[in-house]
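Hi,

Here is the structure I promised to pass on. Have a look at it first, and then read my notes below.

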Amino acid sequence: MRRPIPLSFLLLAILLSLATASQSLRVANAHAASPSVPNVPTLPLYRLFSHRTGIHFYTIDETRKVVAVANGWTLEGVAAYVSDQPAPGTVPLYVLVIPLFFVDPAGDAVDGHAFGYTTSEQEKNDLLAGPPVAHLAGGTNTPWQLDGNGIAGYVAPAKLPGTVPFYRLYHPGRLEQYNSKQKNCLFGSYDNLYTASQKEMSEAISQHGYQFVGIEGYVWPQPTSLGPHLSVSSAPTSADTDLLNRGCTRPGPGAYNCPTIGGYEACESYRKNGKVTACTTSANQKVQAAMDKLLFSVGCSRFLGRPDEFMCQTQKGIDLCESYRKNGMTKKCVMAKPK
């Protein structure tokens with residue numbers, strides 16, 4: 001015979017049921033009241049080029065693009081897709097500008113501007129606070145300034161799903177005595193070139209005198225929407241953990257000594273973003289630079305941006321890469337698939 005359930009237990013069960021229902025209602029109301037996180041669409045980052053100064057500049061501003069083209073700039077297409085507002089997992093791509101005088105290909109003096117882009121707030125501040133550049137812009141001392149609001153867009157500071165490296169290259173400045181009072185920049189001096197194309201990066205280095213600076217950030221090669229999936233949980237490994245995993249050691253606070261060029265370049269990237277203070281390497285940088293230059297000249301480029309892996313477009317390139325690999329100077333040589 002079943003015993004009757006005491007009234008006190010029935011009352012307790014009812015109260016617990018009511019409390020649970022009330023809590024569920026509060027949670028549902030809270031979710032309904034909280035606005036959903038909107039998706040942030042990426043925008044094209046246009047690349048333009050001046051055939052009078054040899055300078056590139058980048059903008060997401062459609063109006064500015066149209067005005068620049070009307071004033072003689074050539075539209076070179078879309079360099080990448082970036083956000084025009086902060087999104088989880090992104091950082092500002094700062095833009096600065098400096099007025100200069102150039103000698104155009106016809107030998108005439110023209111005034112223009114050079115642009116610099118960086119994800120490093122420290123580098124931005126150093127340029128703004130640094131001494132003016134002397135003997136340029138008609139012989140006057142000229143400082144760097146923010147271009148507009150100082151932000152060209154927002155990019156990912158580390159690899160995220162769907163992103164590709166945004167390579168940064170630099171053309172050294174060359175000056176020519178234009179008259180007794182001033183020196184002008186030769187065509188292309190102080191140009192900063194940014195590209196998501198390894199092939200273009202290789203050609204710029206081997207054929208046009210650019211120097212590889214590093215990976216400035218990661219961008220989207222096609223339009224996308226940046227939503228809650230780019231959360232802080234996608235944050236990259238800390239600089240310290242990454243560099244130690246690459247075999248680097250810590251000779252001092254914030255300083256790292258790396259046994260490979262790859263580790264050293266990663267350290268330099270962190271240093272430019274203010275995450276470490278000093279980077280050294282026991283690897284032979286001159287040997288690496290000479291190998292890069294030779295491989296780039298025969299149609300090879302760094303595979304996935306790695307200094308010890310190469311993708312080659314020609315049989316001559318793959319043969320040369322393999323010879324380096326047999327001597328322990330590279331780890332991987334890949335023949336590019338025909339398009």
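Let me start with a disulfide (a pair of cysteine sulfur atoms within 2.5 Å). The S-S torsion of Cys321 and Cys333 is about -85 degrees, so this disulfide is left-handed. Cys321 sits in helix α8 and Cys333 in strand β20, so the bond ties together parts 12 residues apart in sequence. Helices here are DSSP runs of H or I with at least four residues, strands are runs of E with at least two, and both are numbered from the N terminus. Both of these cysteines are buried, meaning under 20% relative accessible area (over 50% is exposed, in between is partly exposed; 1.4 Å probe, protein chains only).

Before you go further: this is a predicted model, where local features need pLDDT of at least 70 and side-chain atom pairs count only at pLDDT 80 or more, while totals for chains, interfaces and linings use all residues. Residues are numbered from 1 along each chain as its sequence is written, and side-chain values use heavy atoms, without hydrogens and water.

The whole structure has 4 disulfides, and with the bonded cysteines numbered in sequence order they pair 1-2, 3-4, 5-6, 7-8. Among them is Cys267 with Cys279, sulfurs 2.0 Å apart. Its torsion is about -85 degrees, so that one is left-handed. Cys248 and Cys258 are joined too, but with a torsion of about 110 degrees, so their disulfide is right-handed.

Back to β20: which strands share its sheet? The order is β18-β19-β20, an open sheet with mixed pairing (two strands pair if DSSP finds at least two bridges between them). β18 (300-302) and β20 (332-335) are at the edges with a single partner strand each, so one side of each has no neighbour in the sheet. β18 and β19 (residues 309-312) run antiparallel, joined by 3 bridges, and Ser301 has Met311 in β19 as its bridge partner. Helix α7 (residues 285-297) packs on the sheet, touching β18 and β19; contact means heavy atoms within 4.5 Å. Helix α8 (residues 315-326) packs there as well, touching β18, β19 and β20.

One more helix to look at is α4 (residues 198-208), whose buried residues are Gln198, Met201, Ser202, Ala204 and Ile205. They fall within an arc of 160 degrees seen down the axis, so they line one face of the helix (the arc is that of the directions from the helix axis to the C-beta atoms). Among the elements they pack against are α7 and β18. Just after α4, Gly209 has a positive phi of about 80 degrees.

Cheers

Notes. Axes fitted to C-alpha atoms, helices over the stretch in contact; angles between N-to-C directions.
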